Amino acid sequence: MALQQKGMHGAWVSRWTFIMAATGSAVGLGNMWKFPYVAGSNGGGAFVLVYLACILLIGVPVMMAEVMLGRHGRKSPINSVSDIVDESGANRRWAYLGWLGVVAGVLILSFYAVIAGWALSYIIEMGSGALRGVDGNSAAAAFTNLLNDPSRLIFWQTVFLVLCVAVVMGGVKKGLGVAVETLMPLLFFILIGLLIFSMFEGNFSAAVKFLFDFNFNQLTWRSVLEAMGQAFFTLSIGMGAIMAYGAYMPQKTSIGKTILVVAFFDSAVAIISGLIIFSIVFATQGIEPSAGPGLMFISLPVAFGTMPGGLLIGAIFFILVSIAAWSSAISLLEPCVAWLVEAKNMNRFKANTILAVLVWTLGLGTVFSFNLWSGYQVFGFTFFDFLDFLTANIMLPISGLLIALFVGYVVDKKIIDSEMLGIQPKVALIWRFALRYLAPLAIGAVFIMGFYDKFF
Ligand code: PHE
């Protein structure tokens with residue numbers, strides 16, 4: 001079997017573009033919005049440690065497996081997995097694995113676009129001075145006003161999706177490739193700028209203490225489940241995104257080394273974002289780190305509103321968040337677009353349009369869960385919380401588990417060897433061990449205990 005250098009969608013121009021694209025996918029709302037508040041509500045330090053361990057021991061091996069499947073298949077996740085199932089002579093049921101990821105991706109994008117819309121609207125809100133000197137109550141009221149107004153939410157959700165479609169329509173090289181090569185350096189530049197600002201203007205030492213002070217008393221099985229769900233979510237694993245990007249990776253590139261770089265960037269951004277947010281939060285009296293989802297949209301505006309130059313910095317902060325969300329969302333769109341192009345013979349324009357309309361419509365469920373439908377609950381969750389829990393805490397771990405088992409036990413060894421040329425035997429051994437035993441056991445145990453914890 002000759003290895004394909006390129007599939008029908010083209011390829012990244014270099015290893016570096018892949019790194020930027022995968023980092024762009026990984027670094028997103030998960031790092032800047034979710035990580036700080038989830039760490040905050042789980043007590044900080046100990047949670048961070050578990051999270052980093054999950055990234056290294058489970059996340060990285062599974063991510064390598066996912067990229068490998070994509071690069072071997074050179075197609076959309078659905079077709080790559082399907083081809084590899086056939087090539088390995090495996091049971092056809094394994095082909096559902098590709099579908100699981102792509103469906104999870106579309107569900108995630110539906111609520112991701114709504115929340116990214118909040119960040120877009122906060123660029124204007126901060127920049128216009130509307131939040132100058134607000135106290136906690138008025139900042140909370142401003143946020144509630146946004147959530148209570150479906151038309152504003154829909155407006156920003158639409159703007160965000162149009163931005164995503166504009167990139168993905170351009171294809172791998174001219175659309176995605178050019179976008180990530182421009183956006184990622186900009187993102188790092190802003191991030192470092194804000195870090196320096198928070199060191200001088202914020203309570204940096206309190207933030208360091210909060211994120212690195214290990215207090216294991218607050219750690220429950222539920223927080224371990226959350227840490228793992230978060231590790232999968234933040235690395236973009238299990239949703240076809242990384243598999244699709246892997247399909248465009250140059251054949252010579254070492255998968256292991258490259259993925260380590262991506263995981264390092266991703267964790268660094270999460271920690272730096274946490275440091276920025278908490279040093280600003282701790283610099284203002286009366287704001288709790290455990291504020292939950294409102295941490296970024298309520299606590300930060302209050303804190304920024306009291307600092308010299310804070311409004312401008314606040315607007316820049318929300319530009320940073322929007323860029324991060326944008327470069328992630330395009331990776332959620334791409335797998336399904338690639339599949340529509342392959343299987344339904346559509347051009348990229350049509351595929352993008354159809355998908356965006358679908359995602360937009362589904363997103364209305366999230367929009368309404370904050371206002372018109374806020375009274376309706378599924379299993380005690382609002383529609384949005386339900387989607388978030390279903391995807392991050394159930395679909396992703398299951399998909400990750402199946403990827404680990406598929407590559408660990410089912411995929412033909414020849415395929416693995418051909419993609420992992422040059423990997424050191426010791427590293428290969430550890431990788432295989434992680435896929436065959438560590439990841440399945442850890443995911444299984446945490447999963448069961450998480451349910452036990454929730455229902456008993
Ligand atoms: N990793 C992204 C984040 O942290 C979210 C994402 C998940 C993007 C899956 C693509 C695929 O926000």
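A cavity is a set of grid points where a 1.4 Å probe fits but cannot get out. By that criterion, this predicted model holds 4 cavities of 30 Å³ or more. The space taken by the ligand is the largest cavity, and the protein covers 100% of the 320 Å² of accessible area that the ligand has on its own. Open pockets are also present, the largest of them with about 610 Å³ of space and the second largest with about 470 Å³.

**Ligand site**

- The shell around the ligand comprises 15 residues, and A26, G30, Y112, F233 and M239 come nearest.
- A polar backbone atom of A26 is placed 2.9 Å from an oxygen atom of the ligand.
- Y112 contributes through its side chain, a polar atom of which lies 2.6 Å from an oxygen atom of the ligand.
- On the nitrogen side, a polar backbone atom of F233 is 2.8 Å from a nitrogen atom of the ligand.
- Two or more residues of the shell are given by each of the helices α1 (15-26), α2, α10 and α14 (310-343).
- The shell is made up of 7 nonpolar and 8 polar residues, and charged residues are absent from it.

**Largest cavity**

- The volume of the largest cavity, the space that the ligand takes, is about 110 Å³.
- Its lining numbers 15 residues, with S25, Y112, F233, S236 and S328 nearest the centre.
- Helices α1, α2, α10 and α14 each supply at least two residues of this lining.
- By class, the lining of the largest cavity contains 7 nonpolar and 8 polar residues and no charged ones.
- Y112 and F233 thus recur in this part of the model: both are listed among the residues nearest the ligand, and both are listed among those nearest the centre of the largest cavity.

**Second largest cavity**

- The second largest cavity has a volume of about 50 Å³.
- Its lining consists of L29, G30, W33, K34, F111, Y112, I115, F233 and D388.
- Among these residues, G30, Y112 and F233 also belong to the set that comes nearest the ligand.
- Helices α2 and α5 (96-127) each provide at least two of the lining residues, and α2 gives the most, with 4 residues.
- The lining of the second largest cavity divides into 6 nonpolar, 1 polar and 2 charged residues.

**Largest pocket**

- The largest pocket offers about 610 Å³ of space, and of the 27 residues that line it, M64, G256, K257, I423 and V427 are the closest to its centre.
- Helices α3 (45-73), α12 (255-282), α17 (413-419) and α18 (425-455) are the elements that give two or more residues to this lining.
- The greatest contribution comes from α3, which gives 6 residues.
- Nonpolar residues number 16 in the lining of the largest pocket, alongside 7 polar and 4 charged residues.

**Second largest pocket**

- About 470 Å³ of space lies in the second largest pocket, which is lined by 22 residues; K34, Y37, E226, D385 and D388 are the closest to its centre.
- At least two lining residues come from each of α2 (29-41), α10 (221-234) and α16 (383-410).
- Helix α16 supplies the largest share of this lining, 6 residues.
- The lining of the second largest pocket has 10 nonpolar, 7 polar and 5 charged residues.
- K34 and D388 are listed among the residues closest to the centre of the second largest pocket, and both also line the second largest cavity.
- Helices α2 and α10 contribute to the second largest pocket and likewise to the shell around the ligand.

Definitions and conventions. Residues numbered from 1 in each chain as written. Predicted model: local features only at pLDDT ≥ 70, side-chain atom pairs only at ≥ 80, totals over all residues. Heavy atoms only, no water. 1 Å grid on protein atoms, 1.4 Å probe; cavity = no way out; pocket = protein on both sides within 12 Å on 5 of 7 lines; lining within 4 Å. Points joined across faces, edges and corners; volume = space filled by probe spheres on them. Nonpolar A, V, L, I, M, F, W, Y, C, P; charged D, E, K, R; others polar. Near = heavy atom within 4 Å. Polar contact = N/O pair within 3.5 Å; in protein donor to acceptor, adjacent residues only side chain to side chain. Areas by Shrake-Rupley, 256 points an atom, 1.4 Å probe, with all protein chains shown as cover. Sits in = over half its atoms within 2 Å of the grid points.
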